[in-house]
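Welcome to a short set of exercises on reading a protein model. Keep the structure open beside you and try each task before you read its solution.

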Amino acid sequence: MRILSGIQPSGKLHLGNYFGMMQPALELQQRGEAFLFIANYHALTTVAGAAELRAATQDVALDFLACGLDPERTAFYRQSDVPEVQELMWLLSVVTPMGLLERCHSYKDKLAKGVPANHGLFAYPVLMAADILAMQANVVPVGRDQKQHVEVTRDIAIKFNNQYGPVFTLPEPLIRAEVAVVPGLDGQKMSKSYGNTIEIFGPAQDVRAKIMRIVTDSKTVAEPKDPETCNVFALYRLFATAAERAAMAARYRAGGLGYGQVKQALAEKVAAHFDPLRRRRAELECTPERVAEALRRGGERARAEARQTLHRARQAVGLE
Ligand code: ADP
Ligand code: TRP
């Protein structure tokens, strides 16, 4: 099994990113050959400013390594260290129907939010297809919002393979049902663009303060409550064991449990989970040369793979 996923360096890592993409991808490191990368070409569609992009790239590298990415096992790299994906993108572009890209929700959402349309934004899924197909990945762990992009990748690969012969492995998205959409403070999808995130490496007191601000209904302490519709419970369950989850759900239904108490329990879980990772991150921050070396070696591995794929694709279309 070959696993691949990427994340844009365009904001601080939040619980949605962590549970939706990072944790599933990191768990799969043990089960196959993993390629995890920092999508800095993609980030150019939103991040303006060289210093900002460099800082965000370093931040995500620290995040991944602190959260358990093992650079000995997994190829960890910056997208821009594999320029072959750019050429591959062109070879894929010529078999990509306009309609396929016009239907992408993420593109339509960005336009609806007032992001100016440019070719990069439109072609974003083709670049993502090049990332995935270059490494011949068959499993792509992502949150639900990226599912369509992986399906588009599959469609593009099928078109190319039909037209030019079998060059690309067809990928499948891997979406964990229980974390497909992690809710934010207001109950909408947690997303940096909605300003409703809980950052996993934010200062401990900020994390706590945000948890206390999670929106709930206005039931009194005495009233029985429904855990299934509660934003606090939706986050609590991500950290709890099955037994803890069942016990908390029973306390909701019995009444006598205040939302403040659940928030308190959630804050303790979050701290217990992330404090050790935060310490590891702080150590790594003091040894930037180790981070740079991990990325350099990962880039070499990924590039060797991409070169092979590109060679086959160039032969298939008649460039070689
Ligand atoms: P954001 O919405 O904050 O801009 P990104 O689009 O950069 O986040 O997402 C990076 C990865 O994290 C993607 O794989 C995405 O599916 C996943 N992800 C982001 N937010 C969530 C969420 N709330 N629930 C589950 N997965 C998420
Ligand atoms: N578009 C993804 C996101 O915003 C990041 C990404 C780029 C990606 N290329 C990828 C994810 C390839 C998985 C596979 O989250």
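**Exercise 1.** Find the backbone oxygen that lies 2.7 Å from a polar atom of the side chain of Thr 96.

*Solution.* Step one: select Thr 96 and look around its side chain; the oxygen belongs to the backbone of Leu 92. Step two: place the residue in the fold. Thr 96 is in the loop between α4 (84–93) and α5 (98–102). Helices (H or I, at least four residues) and strands (E, at least two) are DSSP runs, numbered from the N terminus. Step three: check the surface. Thr 96 has a relative accessibility of 13%, so it counts as buried. Buried means under 20% relative accessible area, exposed over 50%, and partly exposed in between (1.4 Å probe, protein chains only).

Before you go on, some ground rules. This is a predicted model, in which local features need pLDDT of at least 70 and side-chain atom pairs count only at pLDDT 80 or more, while totals for chains, interfaces and linings use all residues. Residues are numbered from 1 along each chain as its sequence is written, chains are lettered from A and ligands numbered from 1 in the order in which they are written, and side-chain values use heavy atoms, with hydrogens and water left out.

**Exercise 2.** Work out which strands are joined to β2 by bridges, and how they run.

*Solution.* Start with β2 itself, residues 33–38, where 5 of the 6 residues are buried. Next, look at β1 (residues 2–7): 6 bridges join β1 to β2, and the two run parallel. Two strands pair if DSSP finds at least two bridges between them. As an example, Leu 4 has Phe 35 in β2 as its bridge partner. Then turn to β3 (residues 75–78), which is joined to β2 by 4 bridges and is also parallel to it. Here Phe 37 is matched with Tyr 77 in β3. Finally, add helix α1 (residues 15–28): together with β1 and β2, α1 makes a right-handed β-α-β unit. Right-handed means that, with the strands pointing away from the viewer, the path from the first strand over the helix to the second runs clockwise.

**Exercise 3.** Describe the surroundings of Arg 296, starting from its helix.

*Solution.* First, Arg 296 lies in helix α13 (residues 288–317). Second, Arg 296 has a relative accessibility of 41%, so it counts as partly exposed. Third, the side chains of Arg 296 and Glu 293 make a polar contact at 3.0 Å. A polar contact is a pair of N or O atoms within 3.5 Å; within protein, one must be able to donate a hydrogen and the other to accept it, and residues adjacent in sequence count only if both atoms are side-chain atoms. Fourth, compare sequence with space: Arg 296 and Tyr 77 are 219 residues apart in sequence, and their C-alpha atoms are 7.0 Å apart.

**Exercise 4.** Is His 149 buried or exposed, and which side chain does it contact?

*Solution.* Begin by finding His 149 in helix α8 (residues 147–164). With a relative accessible area of 2%, His 149 is buried. Its side chain makes a polar contact with that of Gln 146, at 2.9 Å.

**Exercise 5.** Count the disulfides in the structure.

*Solution.* A disulfide is a pair of cysteine sulfur atoms within 2.5 Å. By this test the structure holds 0 disulfides. Take Cys 286: its nearest cysteine sulfur, that of Cys 67, is 17 Å away. Cys 286 is exposed, with a relative accessible area of 62%.
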